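Here are my notes on the model you sent, set out as numbered points. Please read them with the structure open beside you.

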Amino acid sequence: MHVTHLSLADFRSYARVEVPLDPGVTVFVGANGQGKTNLVEAVGYLASLGSHRVSSDAPLVRMGADRAVIRAAVTQGERSQLVELELNPGRANRARINRSSQVRPRDVLGIVRTVLFAPEDLALVKGDPGERRRFLDELVTARSPRMAGVRSDYDRVLRQRNTLLKSAAMARRHGGRGMDLSTLDVWDQHLARVGAELLAQRVDLVETLRPLTDKAYEQLAPGGGPVGLEYRSSAGEAGEAGDGADAADGGGLGHGRAELYERLLAALAGVRKQEIERGVTLVGPHRDDLVLKLGQLPAKGYASHGESWSFALALRLASYDLLRAEGNEPVLVLDDVFAELDARRRERLAELVAPGEQVLVTAAVDDDVPGVLAGTRFLVADGAVERA
């Protein structure tokens with residue numbers, strides 16, 4: 001799969017830009033602040049409905065405009081599609097596929113798939129658990145676009161359950177009589193059911209990624225491993241669920257999901273008193289973490305800067321290998337990564353990604369890009385993108 005044309009209107013710094021793209025390697029070169037990352041950010045948004053740089057859509061709309069449009073022509077094998085997203089901060093976004101307006105934004109998921117390397121990836125190792133949960137969930141959705149709906153359902157149930165708990169906590173603190181919490185059992189069931197689906201997918205993903213990440217780390221830093229991945233669930237040892245990725249039968253829970261559902265229900269029951277006191281949900285996928293290990297030690301707090309970079313890159317390379325093995329090879333995006341790496345890691349990474357069907361690279365200095373990534377060059381400056 002590759003993008004053959006990218007069109008932006010009022011996206012970030014671009015009033016309008018048209019960029020024809022070829023398979024193979026394409027490098028966008030320009031000084032910092034000229035808009036290189038904006039181009040690959042737009043491609044990434046089509047793949048995930050989110051930005052790797054900001055958490056909301058408002059910064060993506062050019063100042064003075066009320067909306068932004070991302071449009072891309074995509075080719076996979078003999079099939080070509082035109083996908084378009086209209087970003088409307090404060091209002092619902094809109095989507096079109098092959099110029100049909102009768103689609104939801106999440107219906108475009110899976111048409112464009114990307115694996116993106118960026119300086120922000122260091123947070124996968126050094127950052128908070130939320131960074132690693134986001135990494136897992138975006139990859140889960142890339143593998144199975146229907147999971148976007150599951151994630152949305154989980155967030156909705158969590159918000160409603162938290163609202164009930166917060167109201168109960170406030171009533172207690174003000175000396176009032178306890179609220180009627182009879183509906184909490186129902187919300188527990190909703191949270192456990194949707195949470196079990198998300199948890200099962202995450203656990204299966206971690207099991208699949210584990211050997212791929214260890215292999216990628218060895219390729220980037222020979223002799224520096226082994227590395228390990230451990231999914232740590234707030235509901236207990238979720239990794240023991242084994243067949244958690246089994247398909248659900250008739251809309252119910254599959255065997256692995258049923259086990260996780262019961263585990264989540266039991267965990268929620270065990271912390272109910274604390275939840276009512278604190279007014280917040282303390283158990284569920286939103287409280288879980290992916291523990292990264294370098295040898296027998298957690299990478300966070302023990303890995304050096306270089307080791308942390310290698311681990312973050314290994315996670316992305318493992319993601320790429322996984323998606324490629326499952327069909328529909330993703331676009332590889334390397335956003336200002338080479339300037340962050342020493343010469344050895346720079347060359348190793350370039351050799352590993354060079355064979356990709358489509359590789360998009362941004363760099364402030366052309367010399368930072370290893371020679372093995374020869375291909376099309378675009379110069380980015382003053383709002384213009386011109387082929388070199």
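**Notes on the predicted model**

1. I begin with helix 8, residues 305-325, in this predicted model. Helix 8 has 21 residues and spans 30 Å from its first C-alpha to its last, which is close to the 30 Å expected at 1.5 Å a residue. Most of helix 8 is covered, with 17 of its 21 residues buried, and the helix is followed by G327, whose phi is positive, near 100 degrees. Helix 8 lies across strand 8 and strand 12, and its direction runs at about 165 degrees to strand 8.

2. Those two strands belong to an open sheet of 6 strands, in which the order is 8-12-13-3-14-15 and the pairing is mixed. Strand 8 (114-117) and strand 15 (384-387) stand at the edges with a single partner strand each, so one side of each has no neighbour in the sheet. From one strand to the next, the twist averages 20 degrees.

3. At the strand 15 edge, strand 14 (residues 376-381) and strand 15 pair in the antiparallel sense over 4 bridges, and the bridge partner of L379 in strand 15 is E386. Helix 1 (residues 36-48) also packs on the sheet, where it touches strand 3 (24-29), strand 8, strand 12 (331-335), strand 13 (358-363), strand 14 and strand 15. The direction of helix 1 makes about 145 degrees with that of strand 13.

4. Turning to the interior, the largest nonpolar core holds 80 residues, of which F117, F311, L334, L349 and V361 touch the most other members. Helix 5 (residues 184-220) gives the most to this core, with 16 residues. Leaving aside residues up to four places away in sequence, V361 touches V25, T26, V27, F28, L334, F338, V369 and L373. Another core, of 39 residues, lies apart from the largest one and has L6, F28, I97 and A118 among its members.

5. On confidence, the mean pLDDT of the chain is 90, and 93% of its residues reach 70 or more. Among the elements of the chain, strand 1 (residues 2-11) has the highest mean pLDDT, at 97, whereas strand 7 (residues 100-103) has the lowest, at 81.

6. My main reservation concerns residues 238-255, over which pLDDT stays under 50, although the model has 29 contacts beyond four places in sequence for this stretch. Where pLDDT is low, the predicted coordinates should not be read in detail.

Conventions
Residues are numbered from 1 along each chain as its sequence is written. This is a predicted model: local features need pLDDT of at least 70, side-chain atom pairs count only at pLDDT 80 or more; totals for chains, interfaces and linings use all residues. Side-chain values use heavy atoms; hydrogens and water are left out. pLDDT is the predictor's confidence in each residue, from 0 to 100. Contact means heavy atoms within 4.5 Å. Two strands pair if DSSP finds at least two bridges between them. Axes are lines fitted to C-alpha atoms, for helices over the stretch in contact, and angles run from 0 to 180 degrees between N-to-C directions. The expected span of a helix is 1.5 Å times one less than its number of residues. Buried means under 20% relative accessible area, exposed over 50%, partly exposed in between (1.4 Å probe, protein chains only). A nonpolar core is a set of buried Ala, Val, Leu, Ile, Met, Phe, Trp, Tyr and Cys residues joined through side-chain atoms within 4.5 Å.
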